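Please read these notes with the structure open beside you, and check each point against it as you go.

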Amino acid sequence: MINSSDELEPGQLAPDFALPDGRGEERRLGDLRGAPVIVYFYPAAFTPGCTTEACDFRENLASFQSAGYTVLGISPDPVARLAEFAEAEQLSFPLLSDADAQVARAWGAWGQKTVAGRTFDGLIRSTVVVDAEGRVASVEYNVDANGHVGRLRAQLGL
């Protein structure tokens, strides 16, 4: 289990990061200050749940963008894999590579999980909404990929 001290809390400053996107270009959270950001962590490109979630974000991207939100997906996948995933699924929002999982750890999205009866340390599907000032507006850990984007839109009043 994740220790609660590792989890982000609403109101706290979101930890800054600099990660490469699918083109190898560095993206910094701090560069997005002044507008809200949705940061979602997903375990692995091309897996069923991660594909469902990414495609849901793709299909709803216009509603997020019209409300001023930037969407960023973060996984431990290497840059080349992210580029393949974005192209295959026609994803037009940035996917970022956190290959050493340091950002996931700092954001409370890395810890013990159980999949198919096997327990191991890994990325925990999580979504954090960061406000325009860089503070955590809301956070959800152990996200169910099915219907998540719709629930998030409802939470944000979109």
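1. In this predicted model, the residue to find at the end of helix 4 is Gly157, which comes just after the helix and takes a positive phi of about 70°.

2. Helix 4 itself spans residues 148-156, and its buried residues are His148, Val149 and Leu152. They cover an arc of only 95° around the axis, which puts them on the same side of helix 4. As a general reminder, an α-helix has 3.6 residues a turn, so residues three or four places apart point the same way.

3. What lies over these buried residues of helix 4? The cover includes strand 3 (37-41) and helix 1 (48-66), together with strand 8 (126-130) and strand 9 (136-141).

4. Two of those covering elements, strand 8 and strand 9, pair with each other in the antiparallel sense over five bridges, and within this pairing Val128 has Val139 in strand 9 as its bridge partner. The two strands form a hairpin with five residues between them, and in the turn Gly134 has a positive phi of about 90°.

5. Helix 1, another part of the cover, contains Gly49. Is Gly49 buried, partly exposed or exposed? With a relative accessible area of 25%, Gly49 is partly exposed, because the cut-off for buried is under 20% and that for exposed is over 50%.

6. Leaving aside residues up to four places away in sequence, Gly49 touches Arg125 and Ala145. Its C-alpha atom is also separated by 7.3 Å from that of Asn146, although Gly49 and Asn146 are 97 residues apart along the chain.

Key. Residues numbered from 1 in each chain as written. Predicted model: local features only at pLDDT ≥ 70, side-chain atom pairs only at ≥ 80, totals over all residues. Heavy atoms only, no water. Buried < 20%, exposed > 50% of the residue type's maximum accessible area, 1.4 Å probe, protein only. Helix = DSSP H or I, 4+ residues; strand = E, 2+ residues; numbered from the N terminus. Arc of directions from axis to C-beta. Contact = heavy atoms within 4.5 Å. Pairing = 2+ DSSP bridges.
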